[in-house]
Amino acid sequence: MAESRMIALGTSLPAFALTDTVSGKTVTSSGYAGQPLLVAFICNHCPYVVHIADALAAFANDYRARGLAIVAISSNDVTTYPQDGPVPMAAFAAQKGFTFPYLYDETQQVAQAYHAACTPDLFLFDRAGKLAYRGQFDSSRPNKGSATGEDLRAAADAVLAGHAPPAEQTPSMGCSIKWKAGVTPT
């Protein structure tokens with residue numbers, strides 16, 4: 001088990017250009033300029049992600065209509081975790097009803113740029129591209145409560161209203177990102 005590194009609030013949105021495993025199109029961070037954006041590091045096999053996946057899909061449906069953009073990224077090493085590769089990712093996205101891009105970070109450079117540590121690891125940026133929230137989805141855990149997204153919903157409500165979420169935020173926890181041999185997490 002690992003926890004989010006809780007990088008500094010106000011950090012600028014790291015750039016990315018990754019392939020969406022569902023559409024096959026390249027999705028870039030610059031395509032979301034001027035919009036609040038949730039970047040969620042997830043994977044297919046982690047029990048913590050599986051626990052929140054349906055609630056994350058519901059969150060996306062609720063908040064997309066309100067102007068929040070969402071992307072999910074899987075950065076796990078598919079040599080040791082082939083179930084987290086692009087084809088299974090597309091199947092997982094379809095199964096869970098994801099309406100947002102599910103991007104594959106093959107080089108793991110995007111995960112490093114975000115200082116992502118676990119799945120799920122959530123980063124919510126405001127309209128100016130500044131980090132406003134980096135915390136848990138909610139306080140539920142596998143086999144302990146139902147996922148509601150309460151914490152992320154409160155943060156997204158604040159950002160969409162033009163306010164900063166409270167600075168005290170609870171780290172996300174889950175499975176560690178599965179780094180490739182020779183890749184050092186930053």
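**Exercise 1. The largest pocket**

Determine how much space lies in the largest pocket of this predicted model and how the residues of its lining divide by character.

*Solution.* Step 1: the largest pocket holds about 150 Å³ of space. Step 2: its lining is formed by Leu-9, Gly-10, Asp-126, Arg-127, Leu-131, Ala-132, Val-159, Gly-162, His-163, Ala-164 and Pro-165. Step 3: sorting this lining gives 6 nonpolar, 3 polar and 2 charged residues. Glycine is counted among the polar residues in this sorting.

**Exercise 2. The length and course of helix H1**

Compare the expected span of helix H1 (residues 47-64) with the distance between its end C-alpha atoms, and locate its kink.

*Solution.* Step 1: the expected span is 1.5 Å times one less than the number of residues. Step 2: helix H1 has 18 residues, so it should span 26 Å. Step 3: the end C-alpha atoms of H1 are 25 Å apart, which agrees with that expectation. Step 4: H1 nevertheless contains a kink of about 45°, and Ala-53 is at its centre.

**Exercise 3. The buried residues of helix H1**

Identify the buried residues of H1 and the elements that cover them.

*Solution.* Step 1: a residue is buried when its relative accessible area is under 20%. Step 2: in H1 the buried residues are Tyr-48, Val-49, Ile-52, Ala-53, Ala-55, Leu-56, Ala-57, Phe-59, Ala-60 and Tyr-63. Step 3: their cover includes strands E4 (37-41), E5 (69-74), E7 and E10 (173-176), together with helices H2 (86-96) and H4 (150-160).

**Exercise 4. Unusual backbone geometry**

Find where Pro-120, Met-6 and His-115 lie, and describe the backbone at each.

*Solution.* Step 1: most residues other than glycine have a negative phi, and most peptide bonds are trans. Step 2: the bond from Thr-119 to Pro-120 is cis, with omega near 0°; Pro-120 sits in the loop between strand E7 (118-119) and strand E8 (121-125). Step 3: Met-6 has a positive phi of about 55° and belongs to the loop between strand E1 (2-3) and strand E2 (17-20). Step 4: His-115 has a positive phi of about 60° and lies in the loop between helix H3 (109-114) and E7.

**Exercise 5. The setting of Gly-149**

Decide whether Gly-149 is buried or exposed, and name residues that it touches.

*Solution.* Step 1: Gly-149 is in the loop between strand E9 (131-133) and H4. Step 2: its relative accessibility is 0%, so Gly-149 counts as buried. Step 3: leaving aside residues up to four places away in sequence, Gly-149 touches Phe-137 and Asp-138.

Notes
Residues numbered from 1 in each chain as written. Predicted model: local features only at pLDDT ≥ 70, side-chain atom pairs only at ≥ 80, totals over all residues. Heavy atoms only, no water. Helix = DSSP H or I, 4+ residues; strand = E, 2+ residues; numbered from the N terminus. Bend = angle between axes of the 7 residues up to and from the residue. Buried < 20%, exposed > 50% of the residue type's maximum accessible area, 1.4 Å probe, protein only. Contact = heavy atoms within 4.5 Å. 1 Å grid on protein atoms, 1.4 Å probe; cavity = no way out; pocket = protein on both sides within 12 Å on 5 of 7 lines; lining within 4 Å. Points joined across faces, edges and corners; volume = space filled by probe spheres on them.
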